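Please look over the structure shown here before reading the notes that follow. They are grouped by topic.

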Amino acid sequence: MTAAVHTGVAGFLAQYEALRGVLPGDRRERDAAAEAFRRAGLPGAAAGRREEAWKYTSLRPVADASFQQVSRVFDGRHLPHVDAPRIVFVDGAFRADVSHLPGTVEFTQFEAFGGLARPDRDPLVALNTMLAEDGAVLHVPGGVDAGSVVLVSVGNDRAAFHPRHVIRMGQGARMTLLELSLGDGVYLHNPVTEVFVAEDAALTHVRLQNEAAGAFHLATVYAEVAGAGTYDSFVLNLGGRLVRTEAHVRFTGPKGVAHLNGAQLLSGSQHADFTTVVQHDAPACSSRQTVKHVLAGRSQGVFQGRIEVARVAQKTDGYQMNQALLLSPDAEIDTKPELEIFADDVKCSHGATVGELDAEQLFYLRSRGIPDAEARSMLVRAFLAEALDAVTDETARGVLDRAVEGWWERQAA
Amino acid sequence: MLEIRGLSAAIEDKPILKGIDLVVPQGEVHAIMGPNGSGKSTLAYVLSGREDYSVSGGSATFDGRDLLEMAPEERAAAGVFLAFQYPVELPGVGNANFLRTALNAQRRGRGESELDAVQFLKLARAETKRLAMPEDMLRRNVNVGFSGGEKKRNEVLQMAILRPRLAILDETDSGLDIDALKIVADGVNALRRPEFSALVITHYQRLLDYIVPDRVHVLAGGRIVRSGGPELAHELEAKGYAGMVAEPA
């Protein structure tokens, strides 16, 4: 390990050269990823052609930031109290001393790549594949209901970490995985999570991204859902300076279900990009996406949603809704739905709404004696509540509600 | 007492109210009748503080306080209540939470103590029952999925809980069948007491059979063109507005 400061694409490649001999996993995959990362660079960092997948998000600020090896400090003060087993990573490294491992789930640390991720297509995944040192490997055996498990990531100033998580749900298995991301200072959290949902299994994956205000959070999930399996995902983006949560879900058997819901509450100059790709490669599967943005200050929200329906995927039911509430004239929302349909008997719909708070609703509340600021906050909460209602797990919902309250308190301060 | 003197108002530079003079003494119920487009709803909105109307002249005071200088929420705390002609739907806002927030905001505004959830629910359930409303109306989102009649009854429920000193009812009778109309009228009549006054805006005389006004005013072309006792409503019903409204140029 070196303490050298590294910056930009060259910095990450130099770090790889230094660590190459000690990193776990298949070295040929690492080398191929490094080569892909060398060719692609960080999207938007260099002048020139803009890739379609990165139309609205530039990683220039990541390229310009400097990172170094840091001491992995953890004092636990940020951790919300959740009554469930927890697995804690600090600056990307597993910390047994502050974790309470679940009894119902087989937990090991990252050793080998899962095989779903595509470093050849996504530069951030290439960066992760090149530099991943650690990660959680969770296996819920067939037929087991593992209850709730919390996966925590804490980042420290100047750290850059690329955890690689793998989640395997055996046939008929169930689990609610609550992921919390937080930290202090300027750091890069670039996780890749590979999810395998076997027949009749169900994973509820709720993520609270509440990183430090200066942090970069660039998370990519790949999920494969077998027949009658369910991948039920919700992301709440509150923190971070530059954020992208990208999810790729592929149905491999009939009657699978995927929910890729989320909400983003942004202020100041925050940028958060919610990108999804759903591949319907099997018949009679349904995918649902409802994403809501509340945008204050000069913040920018992005939604890119792509649904691909293969010729075999008859009776596909795809739904996509993106709604943005702009609380300031300087806030921006960019939305790009893409439907690519090769089957003829499908139901696919998408919609987008962008607006300010409704003047009639605001007047109605005020005419009943509710002061302007309180009336505005009631309407924003109501807008958000409709998104958060997608989270039916009570523990997870409670954590999200408290995080939203915290966001309001910070806005009011 | 509500005192309106020479009140003129416009929306997007289009004059609608052209000098209204109207006094509603404490304890009285006055009706405002008039054809469509005469400015009835505009008067209701201007008195309750809707921002898209600009007041171009005149004054409106309530118990000596200048209403036009006050924010909508301040007018509400002072005791002014508008029952909307078209109650607004609030998806994601529970009716009970809405009502309690409003009541407590007004109580705070008047320096009174707030009601806790238990005290509030007791009050809200009693009023809901009195207005023959299903109790689940408190649990539902404000006006979402309500029928036209339920929305109007929900306005009266809010009024019953907020206990205003001046209620402005903007065509609260429109879209109601006779049973719902009686319930709404009973709700208003239950509030009648010496310190309560009301301005009942209606297109038809029907409502005034149940809420009997002390005075009736006819609004046409942005002005009050006639005032009289309750019998004026019957005269209007018989003759129509056409005979009464000689629109001045």
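Two strands are taken to pair if DSSP finds at least two bridges between them. The model is a predicted one, and on that footing 10 strands of chain A form an open sheet of mixed pairing, in the order β4-β3-β7-β10-β13-β15-β17-β19-β21-β23.

**The sheet of chain A and the helices across it**

- The edges of the sheet are held by β4 (93-94) and β23 (347-355) of chain A, each of which has a single partner strand, so one side of each is left without a neighbour in the sheet.
- Within the sheet, β17 (residues 257-266) and β19 (residues 286-295) of chain A run parallel and are joined by eight bridges, and Leu265(A) has Val294(A) of β19(A) as its bridge partner.
- Helix α6 (residues 372-388) of chain A lies across β17, β19 and β21 (317-326) of chain A, and its direction makes an angle of about 160° with β19(A).
- Helix α7 (residues 394-412) of chain A lies across β7 (145-155), β10, β13, β15 and β17 of chain A, and runs at about 15° to β13(A).

**The two domains of chain A**

- Chain A is divided into domain 1 (6-253) and domain 2 (358-413), and the centres of these two domains, taken over C-alpha atoms, are separated by 30 Å.
- The contact between them draws 13 residues from domain 1 of chain A and 10 residues from domain 2 of chain A.
- On the domain 1 side, the elements giving two or more residues are β10 (174-183), β13 (202-209) and β15 (230-237) of chain A, with β13(A) giving the most, three residues.
- By class, that side of domain 1 of chain A has nine nonpolar and four polar residues, and no charged ones.

**The contact between chains A and B**

- Chain B gives 20 residues to the contact and chain A gives 17 residues.
- On the side of chain B, two or more residues come from each of α2 (72-77), β7 (90-94), α3 (95-109) and α5 (148-162) of chain B, and the largest share, five residues, comes from α3(B).
- The residues on this side of chain B divide into 12 nonpolar, six polar and two charged.

**Helix α5 of chain B**

- α5(B) has 15 residues and reaches 21 Å from its first C-alpha to its last, close to the 21 Å expected at 1.5 Å a residue.
- The buried residues of α5(B) include Lys152(B), Arg153(B), Val156(B) and Leu157(B), and what covers the buried residues of this helix includes β6 (80-83), α3, α4 (117-130), β9 (166-170) and α6 (178-191) of chain B.
- Just after α5(B), Arg163(B) takes a positive phi of about 45°.

Notes: Residues are numbered from 1 along each chain as its sequence is written. Chains are lettered from A and ligands numbered from 1 in the order in which they are written. This is a predicted model: local features need pLDDT of at least 70, side-chain atom pairs count only at pLDDT 80 or more; totals for chains, interfaces and linings use all residues. Two residues are in contact if their C-beta atoms, placed from the backbone, lie within 7 Å. Helices (H or I, at least four residues) and strands (E, at least two) are DSSP runs, numbered from the N terminus. Ala, Val, Leu, Ile, Met, Phe, Trp, Tyr, Cys and Pro count as nonpolar, Asp, Glu, Lys and Arg as charged, and the others, Gly among them, as polar. Domain bounds come from an automatic or database domain assignment. The expected span of a helix is 1.5 Å times one less than its number of residues. A residue is buried if 20 or more other C-beta atoms lie within 10 Å of its own, exposed if 12 or fewer, and partly exposed in between; C-beta atoms are placed from the backbone. Axes are lines fitted to C-alpha atoms, for helices over the stretch in contact, and angles run from 0 to 180 degrees between N-to-C directions.
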